[in-house]
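Let's take a walk through this protein, one region at a time. Keep the viewer open and turn things around as you read.

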Amino acid sequence: MDLDLVLLGTSGSVPTARRGPASILVRRGGEKLLVDCGEGAQRQLLRSSVGLVELSEVFLTHYHADHYLGLPGMLKTFALRGRELPMTIYGPPGLNELFGSLQRVFGRLTFPLRLVELRPGDALERGDYRIVVFKVHHGVTAQGYALVEEPRAGRFDVEAAKALGVPEGPLFGVLQRGEAVEIPGGGAVRSEQVVGPPRPGRKVVITGDTRPARSVLEIANEAEVLVHDATFSEEERERADETGHSTAAQAAELARVAAVRLLVLTHLSNRYFGPEIAREARAIFPETVVPRDFDIIDVGFPERGGPQLIKGGAVGSGEEAETHGEHGAGGGGGRPHGGGGDPDDPALRGDPVGARARGHASPDGARGRATEGAGP
Ligand SMILES: [Zn+2]
Ligand SMILES: [Zn+2]
């Protein structure tokens, strides 16, 4: 079962030239769940290889504007298209009240919109996985979401089955289901002779905005992927605490204690590019990435190498992916300057942690360009 995260917006509080506000698309098999919907999320989808698909579920972590302003526009677009497919929006208590106000913005819709308020401790059962709501610590009503898969069947040892005289075919399936089989030459084979112990499912935890929190530490225990707030670096620790956010080092320390496989840092303040956040976190927890918009986190099963960052993995075909390849990180003959692209567009295929300022000094300067580097 494929499972990945498309980072549609990775900036904190305000958009920058390169980063849109919070929005992550979680894809599992054919399902697509949008977690937060910052301003411009519909355009990020359009620009990506995903496209503005008819999402049927949106999960909001809290009601700061940078996490939901993209919804009215997106709903309006769906209505203009004459969409009929129902949509459900989940969020902490306050969702109905929020939509009382937003309704005036997007007007009448052509499709049923269902609002569901969830609280920490709630879980949505989805058959082979569930979505668990957990508390975060952000100073306002806020919560995170964890996608938790059920354990998988153990590994089937084809060679062992053949050696025991089980012919290839339907009997394999019976054994895989945990039942014993009679074999043609006489005798029986028990499931546990050829099927390993059940393997744990995957867990992906998305915090939204938060200070370091015990509840996050608990749910993130041994998660494949923890997507955590890293709005600031340590030099702004006090500010992080005042505003209900985390520093890169705090997120890394939590990831280390929780023994997650991959820490994904997001919601960066506009004063940071990414590399400084990555460096700070990696000193504590090396398995950290700081993706850019349109990067993908592929949540592979442990036996297939585990989760990994795919740089620019969701860049749309219509986008000109900028590649600067100073250290070969970008590769592929991109034109660093000029060409048809928007000069403010992100260097989409670059190393998300290798970007350095080139040209202008202002970290968020409209013409500040990123240069690819191999990263630390
Ligand atoms: Zn935020
Ligand atoms: Zn917030």
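How many of the 7 residues of strand β1 (residues 3-9) are buried? The count is 7 of 7, so to speak a full house, and the strand is mostly covered. Bear in mind that you are looking at a predicted model.

Now look at the neighbours of β1. On one hand there is strand β2 (residues 23-28), which pairs with β1 in the antiparallel sense over 6 bridges. To find your place in that pairing, pick D4 and look across to R27 in β2, which stands opposite. Strand β16 (residues 296-299) is also a partner of β1, again antiparallel, with 3 bridges between them. Here L5 is the one to click on: its bridge partner in β16 is I297. As background for reading strands like these, side chains in a regular strand alternate between the two faces of the sheet.

Let's zoom out for a moment. The protein has 10 helices and 19 strands. Of its 376 residues, 53% are buried. Take the contacts with a separation of 6 or more: 63% of them are between residues 24 or more positions apart. As for the outside, the accessible surface comes to about 16,000 Å², and carbon and sulfur atoms hold 50% of it.

Next, the metals. Which residues coordinate the zinc ion (ligand 1)? They are D66 and D209, each through OD, plus H67 and H267, each through NE2, at 2.1 to 2.2 Å. The angles among these 4 donor atoms run from 88 to 170°, which makes the arrangement irregular. A tetrahedral label would need all angles to lie between 85 and 135 degrees, and the upper end of 170° is what rules it out here. Along the sequence, the donors follow the spacing D-H-x141-D-x57-H. H67 sits in the loop between β4 (57-59) and α2 (70-80), while D209 sits in the loop between β12 (203-206) and α7 (214-219), so this pair ties together parts that are 142 residues apart in sequence. H67 counts as buried because its relative accessibility is 1%, and D209 is buried too, with a relative accessible area of 2%.

The zinc ion (ligand 2) has its own set of donors: H62 (NE2), H64 (ND1), H138 (NE2) and D209 (OD), at 2.1 to 2.3 Å. You'll recognise D209, which bridges the zinc ion (ligand 2) and the zinc ion (ligand 1), and these ions lie 3.5 Å apart. Around the zinc ion (ligand 2), the 4 donor atoms subtend angles of 90 to 169°, and that makes the arrangement irregular. The sequence spacing of the donors reads H-x1-H-x73-H-x70-D. Once more distant parts of the chain are linked, with H62 in the loop between β4 and α2 and D209 in the loop between β12 and α7, 147 residues apart. Both H62 and D209 are buried.

Move on to helix α10 (residues 275-282). Its buried residues are P275, I277, A278, E280 and A281. And what covers them? The cover includes α9 (248-258), β14 (262-266) and β15 (288-289).

If you like aromatic rings, there are 5 aromatic pairs to hunt for. In one of them, F156 and F172 have ring centres 4.9 Å apart and planes at 45°, so the pair is tilted. F156 belongs to the loop between β9 (143-149) and α4 (158-163), and F172 to helix α5 (residues 170-176), 16 residues apart. Both F156 and F172 are buried. Elsewhere, F59, Y90 and Y145 are joined into a cluster by ring pairs.

Last stop: P302, in the loop between β16 and β17 (307-310). Is P302 buried or partly exposed? Its relative accessible area is 34%, so P302 is partly exposed. Leaving aside residues up to four places away in sequence, P302 touches R152, E224 and R261. Try G201 as well: the C-alpha atoms of P302 and G201 are separated by 9.6 Å, though the residues are 101 apart along the chain.

Methods: Residues numbered from 1 in each chain as written. Chains lettered and ligands numbered in written order. Predicted model: local features only at pLDDT ≥ 70, side-chain atom pairs only at ≥ 80, totals over all residues. Heavy atoms only, no water. Buried < 20%, exposed > 50% of the residue type's maximum accessible area, 1.4 Å probe, protein only. Helix = DSSP H or I, 4+ residues; strand = E, 2+ residues; numbered from the N terminus. Pairing = 2+ DSSP bridges. Contact = heavy atoms within 4.5 Å. Areas by Shrake-Rupley, 256 points an atom, 1.4 Å probe, with all protein chains shown as cover. Donors = N, O, S within 2.8 Å, 3.2 Å for Na, K, Ca; no water. Tetrahedral: all angles 85-135°; square planar, octahedral: opposite > 155°, others 65-115°. Phe/Tyr/Trp six-rings, centres within 6.5 Å; stacked < 30°, edge-to-face > 60°.
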